[in-house]
Amino acid sequence: MKVAIFAAVPEEVGILADKVNFTGIGRENATQAALRFLDKYRNEEFTVLNIGTVGSHAFPVGTILSIDEIASAGMAFYDKRMSLNKWHAPMLQQIPTATLYSSDSFVSPSVYTSQYLDEVKSRVGCFDMESSALYSVMEHYGKKYVSFKIVSDNLNVTIEVWKQRVVELSKSLAAFVEQLFMEMGQNEEIEFLTL
């Protein structure tokens, strides 16, 4: 099985950095990174694994989530369903699932009105700034897409606090991903694709 791991920044993944393709922060950066990657691997069959951090109003900091659907800022929730593929491993039975909202800005009360945030929170469990773009490009080229995220904040911290937490949480996320690949690798060999 061939896997292309993507994350926004190296600080999110810790010791996994040599296996990861980095997009940079934001949807425009994610789009460009996905297209550069596909320039090299477009004709290969692989699964995208998107990992990293998310803000959440519904889950405590440190919770690892399996993302089952992505909603994109700028689109109505019913415009297009971005439904993700699933991996099956025993350890994943204990991981909560969530719908992720992907936008162009850090989601917090200082950026969005409380009315808008309440509407979005009623439909999703977590937030990031890259997933919808990365998913859209990969889906266009027929690539499978799986995502696991770790909650870094509850929509109540500054970007500076987020940066500090990301480094701490990267250890937990890396340990989770390594354990997942150990379980999955018992059934088939895994090859990691990087630029």
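Start by selecting L155, which at 6% relative accessibility counts as buried, since the cut-off for that label is under 20%. You are looking at a predicted model, so keep that in mind at each stop. L155 sits in the loop between β8 and α4. Check its backbone next: phi of L155 is near 65°, a positive value in a residue other than glycine. Most residues other than glycine have a negative phi.

**Into helix α4**

From the loop, move along to α4 and select 159-185. This helix has 27 residues and reaches 36 Å from its first C-alpha to its last, close to the 39 Å expected at 1.5 Å a residue. Where does α4 have its kink? Centre the view on L169: the kink there is about 35°.

Now colour the buried residues of the helix. Among them are W162, V166, L169, S170 and L173. Further on, A174, F176, V177, L180, F181, E183 and M184 are buried too. Show the strands as well, because the cover over these buried residues is worth seeing in contact terms, with heavy atoms within 4.5 Å. That cover includes β1 (2-7), β3, β4 (64-72), β8 and β9 (191-192).

While you are in α4, pick out I159, which belongs to this helix. Is I159 buried or partly exposed? I159 counts as partly exposed because its relative accessibility is 33%. Add F106 to the selection: I159 and F106 are 53 residues apart in sequence, and their C-alpha atoms are 7.9 Å apart in space.

**The largest cavity**

F106 makes a good lead into the next stop. The model has 2 cavities of 30 Å³ or more, and the largest has a volume of about 210 Å³. Its lining is made up of 18 residues, and F106, F127, D128, M129 and W162 lie nearest its centre. W162 is one you have already met, among the buried residues of α4.

Which elements supply at least two residues each to this lining? Select β3 (47-55), β7 (126-128), β8 (144-153) and α4 (159-185). Of the contributions to the lining, that of β3 is the greatest, at 3 residues. Colour the lining of the largest cavity by residue class and you will find 10 nonpolar, 4 polar and 4 charged.

**The second largest cavity**

Next, go to the second largest cavity, with a volume of about 50 Å³. To display its lining, select A7, A8, E12, T23, N50, I51, G52, T53, D128, E130, L134 and K149. How many residues does β3 give here? β3 gives 4, the most to this lining. By class, the lining of the second largest cavity divides into 4 nonpolar, 4 polar and 4 charged. D128 is worth keeping highlighted: this residue lines the second largest cavity, and D128 is also among those nearest the centre of the largest one.

**Back to the start of the chain**

For the last stop, select M1, in the segment before β1. M1 counts as partly exposed, because its relative accessibility is 26%. Then add N187: the two residues are 186 apart along the chain, yet their C-alpha atoms are separated by 9.9 Å.

What is M1 in contact with, leaving aside its neighbours within four places in sequence? Show W87, M184, E188, E189, I190 and E191. M184 brings you back to α4, where this residue is buried.

Key
Residues numbered from 1 in each chain as written. Predicted model: local features only at pLDDT ≥ 70, side-chain atom pairs only at ≥ 80, totals over all residues. Heavy atoms only, no water. 1 Å grid on protein atoms, 1.4 Å probe; cavity = no way out; pocket = protein on both sides within 12 Å on 5 of 7 lines; lining within 4 Å. Points joined across faces, edges and corners; volume = space filled by probe spheres on them. Nonpolar A, V, L, I, M, F, W, Y, C, P; charged D, E, K, R; others polar. Expected span 1.5 Å × (residues − 1). Bend = angle between axes of the 7 residues up to and from the residue. Buried < 20%, exposed > 50% of the residue type's maximum accessible area, 1.4 Å probe, protein only.
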